[in-house]
Amino acid sequence: MLGYRHNWRQKDGFAVEEALVLEHTSGREVFVVHGHQADVTSDRLCFAGRLLVRHVWKRLKLLGLARPRKRRRGYQRATQIERSLASWAEINGPLVLCGHTHRPAFPQHPAGRYLNAGSCARPGYITGLELQAGTIALVRWSTEASSTAKPYVRRELLLPAREVRRMGR
């Protein structure tokens with residue numbers, strides 16, 4: 001990770017942290033972070049990027065003038081960020097839960113420590129990580145229509161839940 005700026009902002013009188021460490025009852029640490037800290041450009045220019053997205057990109061998109069970035073370059077950059085986060089997790093020990101790349105990731109190997117919640121920006125569905133009863137699972141929620149045409153949210157388990165205490169060991 002590139003850096004951790006302690007208490008960098010206040011919101012309604014409370015300190016807003018860039019990351020937090022959860023501790024499972026087994027003593028297992030789970031490091032929760034957005035993920036931009038593994039990318040020099042995003043980390044160092046986060047305030048400029050936030051302003052551009054909120055005030056420029058949004059308006060260009062509404063006018064139909066914004067072009068999405070080239071997929072290949074974006075894919076390569078996301079892969080580089082994911083490798084950096086996975087490497088940091090292997091060296092430092094905790095499970096790392098993050099987002100930033102918008103690509104869901106769940107370790108296929110029991111020793112894997114990098115997990116990514118995926119995206120809440122896809123049309124019609126969002127992916128996420130559910131932590132409950134000592135387990136973690138990769139899920140997708142999508143909007144569907146029932147046989148009576150009533151809308152509902154469908155939960156789909158993308159990969160089976162795993163025990164937090166046994167992950168990354």
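Helices here are DSSP runs of H or I with at least four residues, strands are DSSP runs of E with at least two, and both are numbered from the N terminus. With that in hand, here is a tour of a predicted model.

**View 1. The whole protein chain, before zooming in.** You're looking at 3 helices and 9 strands. Walk along the sequence and the elements come up as β-β-β-β-α-α-α-β-β-β-β-β. Of the 169 residues in the protein chain, 31% are buried. Take the contacts with a separation of 6 or more: 44% of them link residues 24 or more positions apart. The protein chain exposes about 11500 Å², and 57% of that comes from carbon and sulfur atoms.

**View 2. The hairpin of β3 and β4.** Strand β3 covers residues 19–23 and strand β4 covers residues 29–33; the two run antiparallel, joined by 5 bridges. To find your way across the pairing, start at L20, whose bridge partner in β4 is V32. The hairpin has 5 residues between its strands, and in the turn G27 shows a positive phi of about 95°.

**View 3. A nonpolar patch around L65.** Five side chains to pick out here: L52, V56, L60, L63 and L65 make a nonpolar surface patch of about 470 Å². L65 sits in the loop that links α2 (46–62) to α3 (71–92). Is L65 buried or exposed? L65 counts as exposed because its relative accessible area is 57%, and the cut-off for that label is over 50%.

**View 4. T79 in helix α3.** Here we move into helix α3, where T79 has its place. With a relative accessible area of 16%, T79 is buried. Which side chain does the T79 side chain meet in a polar contact? The partner is the side chain of R103, at 3.1 Å.

**View 5. The hairpin of β7 and β8.** Strand β8 (residues 135–145) pairs with β7 in the antiparallel sense, over 8 bridges. There are 2 residues between the strands of this hairpin, and A133 takes a positive phi near 50°. Across the pairing, A137 in β8 stands opposite E130.

**View 6. Close-up on E130.** E130 belongs to strand β7, which spans residues 125–132. Why does E130 count as buried? Its relative accessible area is 16%, and buried means under 20%, so E130 gets that label. Leaving out residues up to four places away in sequence, E130 touches T135, I136, A137, V139, W141 and R155. R155 is worth a second look: its side chain and that of E130 are joined by a polar contact of 2.7 Å. For a sense of scale, put R140 in the frame too: E130 and R140 are 10 residues apart in sequence, and their C-alpha atoms are 10.0 Å apart in space. One thing to keep in mind while browsing the strands: side chains in a regular strand alternate between the two faces of the sheet.

Technical notes
Residues numbered from 1 in each chain as written. Predicted model: local features only at pLDDT ≥ 70, side-chain atom pairs only at ≥ 80, totals over all residues. Heavy atoms only, no water. Buried < 20%, exposed > 50% of the residue type's maximum accessible area, 1.4 Å probe, protein only. Contact = heavy atoms within 4.5 Å. Polar contact = N/O pair within 3.5 Å; in protein donor to acceptor, adjacent residues only side chain to side chain. Pairing = 2+ DSSP bridges. Patch = residues over 30% accessible without salt bridge, like charges linked within 9 Å, V, L, I, M, F, W, Y side chains within 5 Å. Areas by Shrake-Rupley, 256 points an atom, 1.4 Å probe, with all protein chains shown as cover. Salt bridge = Lys/Arg side-chain N within 4 Å of Asp/Glu carboxyl O.
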